[in-house]
Amino acid sequence: MIWNIPNILTVLRLLAAPLVAVMFLYFTRPYADILAVVLFVGAAITDWFDGYLARAWGQQTRLGTMLDPIADKAMVVIALMVIIGFSSWSPWLVLPATMILFREVFVSGLREFLGDTAGTLKVTSLAKWKTTLQMVAIAVLFSQGVFEHYFGMSVWGMDDSMVVAILNGEEPDLQGLGWKLAGAEWSGRVGLWLLWGAAALTLITGYDYFRKAMPFLRG
C-alpha cells in the first residue's frame with residue numbers, strides 16, 4: 001500500500017517544513033522558536049522511524065524513497081532561511097549555511113541530470129549522519145532564540161546597572177538571568193559548532209556523489 005505508516009510520517013514531515021516559516025509570520029517570539037524546536041525534534045524522530053518501520057515491515061515504496069530526501073532537504077533549507085533572516089548575518093553562520101544549501105542544490109541537479117542512472121547516488125550512511133547533524137544543529141540554534149527572548153523579557157524595565165549587578169552576583173537573581181543568558185550563549189556556540197560539523201559532512205558527501213557521477217558525465 002502506498003499510504004502506509006512510514007509514508008504518512010514522511011508526508012507529515014514534508015508538510016511540516018513550510019510551517020517553520022509560517023510560524024514566524026503568525027506567532028511572536030519566543031513561541032515561534034519553541035514550536036520550531038518541537039517541529040525539528042519531531043522531524044528527526046520521524047525521519048528515523050519511517051525508515052526503520054519501512055524496512056522492518058517490508059513497506060518500502062518508490063513514493064517513500066522519493067519523498068524522504070525531499071522532506072529532509074525542505075526542512076533544512078527552509079529552517080536555514082529563517083535562521084539567517086532573523087540573525088545578524090554573521091559570516092560564522094552564513095558560510096556553513098551557504099555550503100549546505102549549495103551542496104543540496106548541486107546534488108539534486110546531479111540526480112536530475114542522471115535520470116534513470118540516478119540510483120548511482122543512493123543515500124549513504126554518512127549522508128544520513130549529515131542530515132541528522134543538520135537537524136540537531138538547527139534545533140539548537142532555534143533554542144538560542146528561546147533563551148534570548150526569555151532573557152529579554154526578564155530584564156524588561158531594569159536599567160543596565162541592575163542587570164550587571166545581578167549577573168555579577170551583587171544582587172539576588174530572582175528572575176534567573178544567569179542561566180537564561182548562559183543558555184543563550186551556549187546554545188549559540190554549540191549550534192554553530194554543530195552546523196560547521198554538518199557543513200563539513202555536507203561537502204564530503206557532496207564530493208562523494210560527484211565522484212560516483214563522474215563516469216556518467218565524461219561522455
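Student: Before we get going, what does buried mean here?
Tutor: Buried means under 20% relative accessible area. Keep in mind that this is a predicted model.

Student: OK, so take S143. Why does S143 count as buried?
Tutor: Its relative accessibility is 18%, and the cut-off is under 20%, so S143 counts as buried.

Student: Where is S143 found?
Tutor: In helix α5, which covers residues 125-154.

Student: And what is S143 in contact with, leaving aside its neighbours within four places in sequence?
Tutor: V37 and S187.

Student: Switching to D72. Buried or exposed?
Tutor: D72 is buried, with 9% relative accessible area. D72 belongs to helix α3, residues 62-85.

Student: Which side chain does the D72 side chain make a polar contact with?
Tutor: That of R13, at 3.1 Å. If you skip residues up to four places away in sequence, D72 touches R13, D47, T131 and M135.

Student: Now the hydrophobic stuff. How many residues are in the largest nonpolar core?
Tutor: There are 31. F40, M75, L80, I100, I138, F142 and L195 have the most contacts inside this core.

Student: Which elements give two or more residues to that core?
Tutor: These are α1 (5-26), α2 (31-56), α3, α4 (91-114), α5 and α7 (177-217). The biggest share comes from α3, which gives 8 residues.

Student: You listed L80. What is L80 in contact with?
Tutor: Apart from neighbours within four places in sequence, L80 is in contact with A97, I100, L101, I138 and L195.

Student: What lies apart from the largest core?
Tutor: Another core, of 5 residues, with F151, V155, V163 and L177 among them.

Student: Back to helices. How do α4 and α5 cross?
Tutor: Their axes come within 13 Å and cross at roughly 140°. The crossing is left-handed.

Student: Which residues make the contact?
Tutor: On α4, L93, I100, R103 and E104; on α5, A127, K130, Q134 and L141.

Student: Last topic, confidence. What is the mean pLDDT of the chain?
Tutor: The mean is 84, and 96% of the residues reach 70 or more.

Student: Where is confidence lowest, and where is it highest?
Tutor: Lowest in α2, at a mean of 80, and highest in α7, at 90. As a general caution, predicted coordinates should not be read in detail where pLDDT is low.

How values were computed. Residues are numbered from 1 along each chain as its sequence is written. Side-chain values use heavy atoms; hydrogens and water are left out. Helices (H or I, at least four residues) and strands (E, at least two) are DSSP runs, numbered from the N terminus. Buried means under 20% relative accessible area, exposed over 50%, partly exposed in between (1.4 Å probe, protein chains only). Contact means heavy atoms within 4.5 Å. A polar contact is a pair of N or O atoms within 3.5 Å; within protein, one must be able to donate a hydrogen and the other to accept it, and residues adjacent in sequence count only if both atoms are side-chain atoms. A nonpolar core is a set of buried Ala, Val, Leu, Ile, Met, Phe, Trp, Tyr and Cys residues joined through side-chain atoms within 4.5 Å. pLDDT is the predictor's confidence in each residue, from 0 to 100. Axes are lines fitted to C-alpha atoms, for helices over the stretch in contact, and angles run from 0 to 180 degrees between N-to-C directions. A crossing is left-handed if the near helix is turned anticlockwise from the far one by less than a right angle, and right-handed if clockwise.
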